[in-house]
Amino acid sequence: MSVPGPSSPDGALTRPPYCLEAGEPTPGLSDTSPDEGLIEDLTVEDKAVEQLAEGLLSHYLPDLQRSKQALQELTQNQVVLLDTLEQEISKFKECHSMLDINALFAEAKHYHAKLVNIRKEMLMLHEKTSKLKNCSRRGKKKSWKGSSNERRSLKEKSS
């Protein structure tokens, strides 16, 4: 297989473009500077950019606005849920404080019963001591009366 020459007399390309030799210009490209015609291209490009941006915005803006509205609704719902959750937490705390209060009342009731029992015992002790005092007084009186009677009888006998 032979490598074809640069071109045939009729102008047809006889070899692939990647087989260019050094210094040969690429077919289809001009030798002009890349900056030439830039100003003309910019005005066209600016219009194209504006049109492309408008098209892009018109295509995606409605979806973005719907998404924004949905996010706002979700945010509002989240705020409502947070408020509700805070209310439920406060109710839960109140329930726990009520349980604590109930426990305190039960404890107070227990100690009240103990105090009532102590009071009853103190009253019984008071009654018993009163009876003992009365008995001892009576005994003293009897013994005093008995001793005084004995003294009298002794006095009488001695007289």
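Me: In helix 1, what separation in helical turns lies between Glu88 and Lys91?

Reply: This is a predicted model, in which local features need pLDDT of at least 70 and side-chain atom pairs count only at pLDDT 80 or more, while totals for chains, interfaces and linings use all residues. Residues are numbered from 1 along each chain as its sequence is written, and side-chain values use heavy atoms, with hydrogens and water left out. A helix is a DSSP run of H or I with at least four residues, a strand is a run of E with at least two, and both are numbered from the N terminus. Because Glu88 and Lys91 are 3 residues apart in helix 1, their separation is about one helical turn.

Me: How far apart are the closest N and O atoms of Glu88 and Lys91?

Reply: Glu88 has a relative accessible area of 42% and Lys91 one of 47%, so each counts as partly exposed (buried is under 20%, exposed over 50%, and partly exposed in between, with a 1.4 Å probe and protein chains only). The two residues form a salt bridge, which means that a side-chain nitrogen of Lys or Arg lies within 4 Å of a carboxyl oxygen of Asp or Glu. For Glu88 and Lys91, the distance between the closest N and O atoms is 3.8 Å.

Me: Which residue forms a salt bridge with Asp63?

Reply: Asp63 counts as partly exposed because its relative accessibility is 38%, and its partner counts as exposed because its relative accessibility is 52%. The two are 3 residues apart in helix 1, so about one helical turn separates them. With the closest N and O atoms 2.0 Å apart, the partner of Asp63 is Arg66.

Me: How many helices and strands are there in the protein?

Reply: Helix 1 covers residues 38–158, and Asp46 is found in it. Leu57 is found in helix 1 as well. For the protein, the count is 1 helix and 0 strands.

Me: What percentage of the 159 residues is buried?

Reply: Leu57 counts as exposed because its relative accessibility is 52%, whereas Asp46, at 45%, counts as partly exposed. The protein exposes about 15200 Å², with carbon and sulfur atoms supplying 61% of it, as found by the Shrake-Rupley method with a 1.4 Å probe. Of the 159 residues, the buried share is 1%.

Me: What accessible area do Leu56, Leu57, Tyr60, Leu61 and Leu64 have together?

Reply: These five residues form a nonpolar patch on the surface, where a patch is made of residues with over 30% relative accessible area and no salt bridge, joining nonpolar side chains within 5 Å and like charges within 9 Å. Together, the accessible area of Leu56, Leu57, Tyr60, Leu61 and Leu64 is about 510 Å².

Me: How many disulfides does a search of the whole structure find?

Reply: Cys95 counts as partly exposed because its relative accessibility is 48%, and Cys135 counts as partly exposed because its value is 47%. A disulfide is a pair of cysteine sulfur atoms within 2.5 Å. In the whole structure, the number of disulfides found is 0.
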